[in-house]
Amino acid sequence: MNVDLESLSRDELQKLVADAQKALRTVDARRMAEAKRAAEQAAKEYGFSLEDVMTAGPKGSKSAPKYANPADPSQTWTGRGRKPNWLIEALDEGKSLEDMAL
């Protein structure tokens, strides 16, 4: 597509830009629908729906707490990831993990 942009008026250029943006939105919507269908098909091959796959995962599976702060039982730790400050301080004071186990 060769368009002589120099020969177009300001209004014609603005219309061309608006038409191009509309076309891009249409292409994006079509590709998004195609991607969704492909993802649904892939999930189906494993015996799941796309919704099942999207709602499951690491964020949905939290571990139960294994340790609690004796001074404030609402502060807990699962034993995974970085140790919380209250636990580090208790260990520095000579307490053991077993002292804070639930």
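Here is a walk through the structure above, one selection at a time.

**Stop 1: the whole chain**

Before you click on anything, keep in mind that this is a predicted model. Show the whole protein chain as a cartoon and you should find 3 helices and 2 strands. Follow the sequence from start to end and the pattern reads α-α-β-β-α.

Now zoom out and turn the chain around. Along its principal axes, the C-alpha trace spans about 80 × 40 × 20 Å. How does the radius of gyration of the chain sit beside that of a compact globule of 102 residues? The globule would come in near 13 Å, but this chain has 29 Å.

Switch on the surface next. The accessible surface adds up to about 8,800 Å², and carbon and sulfur atoms account for 53% of that. Buried residues make up 11% of the 102 residues. Contacts tell you something too: among those between residues at least 6 apart in sequence, 23% link residues at least 24 apart.

**Stop 2: helix α1**

Select residues 10–45, which form helix α1. Then show the side chains of Lys15 and Asp19. These two form a salt bridge, with their closest N and O atoms 3.0 Å apart. The structure holds 1 salt bridge, so enjoy it while you're here. Why are Lys15 and Asp19 separated by about one helical turn? They are 4 residues apart in α1, and that spacing along a helix amounts to about one turn. As a general point, an α-helix has 3.6 residues a turn, so residues three or four places apart point the same way. Colour by accessibility and check Asp19: at 39% relative accessibility, this residue counts as partly exposed.

Stay in α1 and move along to Lys36. Is Lys36 buried or partly exposed? With 49% relative accessibility, Lys36 counts as partly exposed. Draw a distance from its C-alpha to that of Leu50, and you'll get 8.5 Å, although the two residues are 14 apart along the chain.

**Stop 3: helix α2**

Select residues 50–55 to pick out helix α2, and click on Val53 inside it. Val53 has 41% relative accessibility and therefore counts as partly exposed. What does Val53 touch, leaving out residues up to four places away in sequence? Look for Ala43 and Phe48. Then try Ala39: it is 14 residues from Val53 in sequence, and their C-alpha atoms are 9.7 Å apart.

**Stop 4: Ala68 in strand β1**

Now jump to Ala68, in strand β1. Because its relative accessibility is 9%, Ala68 counts as buried; the cut-off for buried is under 20%. Show everything around Ala68 and ignore its neighbours within four places in sequence. You'll see contacts with Pro73, Gln75, Thr76, Trp86, Met100 and Leu102.

Met100 deserves a distance line of its own. It is 32 residues away from Ala68 in sequence, yet the C-alpha atoms of the pair are 5.5 Å apart.

**Stop 5: helix α3 and the core**

For the last stop, select Tyr67, Trp77, Trp86, Leu87, Ala90 and Met100, and show them as spheres. These 6 residues are the largest nonpolar core. Helix α3, residues 85–92, supplies the largest share of this core, with 3 residues. More generally, nonpolar side chains tend to be buried together in soluble globular proteins.

Look at α3 on its own now. Its buried residues include Trp86, Leu87 and Ala90. Why do they line one face of the helix? Turn the view until you look down the axis of α3: the buried residues fall within an arc of 100°, so they sit along one face. Bring the strands back, and you'll find that β1 (67–69) and β2 (72–77) are among what covers those buried residues.

Click on Leu87 as well. Not counting residues up to four places away in sequence, Leu87 touches Trp77, Leu97 and Met100. Finally, step past the end of α3 to Gly94, which follows the helix and has a positive phi, near 105°.

Note on methods: Residues numbered from 1 in each chain as written. Predicted model: local features only at pLDDT ≥ 70, side-chain atom pairs only at ≥ 80, totals over all residues. Heavy atoms only, no water. Core = buried A, V, L, I, M, F, W, Y, C linked by side-chain atoms within 4.5 Å. Buried < 20%, exposed > 50% of the residue type's maximum accessible area, 1.4 Å probe, protein only. Contact = heavy atoms within 4.5 Å. Arc of directions from axis to C-beta. Rg over C-alpha atoms; globule rule 2.2 N^0.38 Å. Areas by Shrake-Rupley, 256 points an atom, 1.4 Å probe, with all protein chains shown as cover. Salt bridge = Lys/Arg side-chain N within 4 Å of Asp/Glu carboxyl O.
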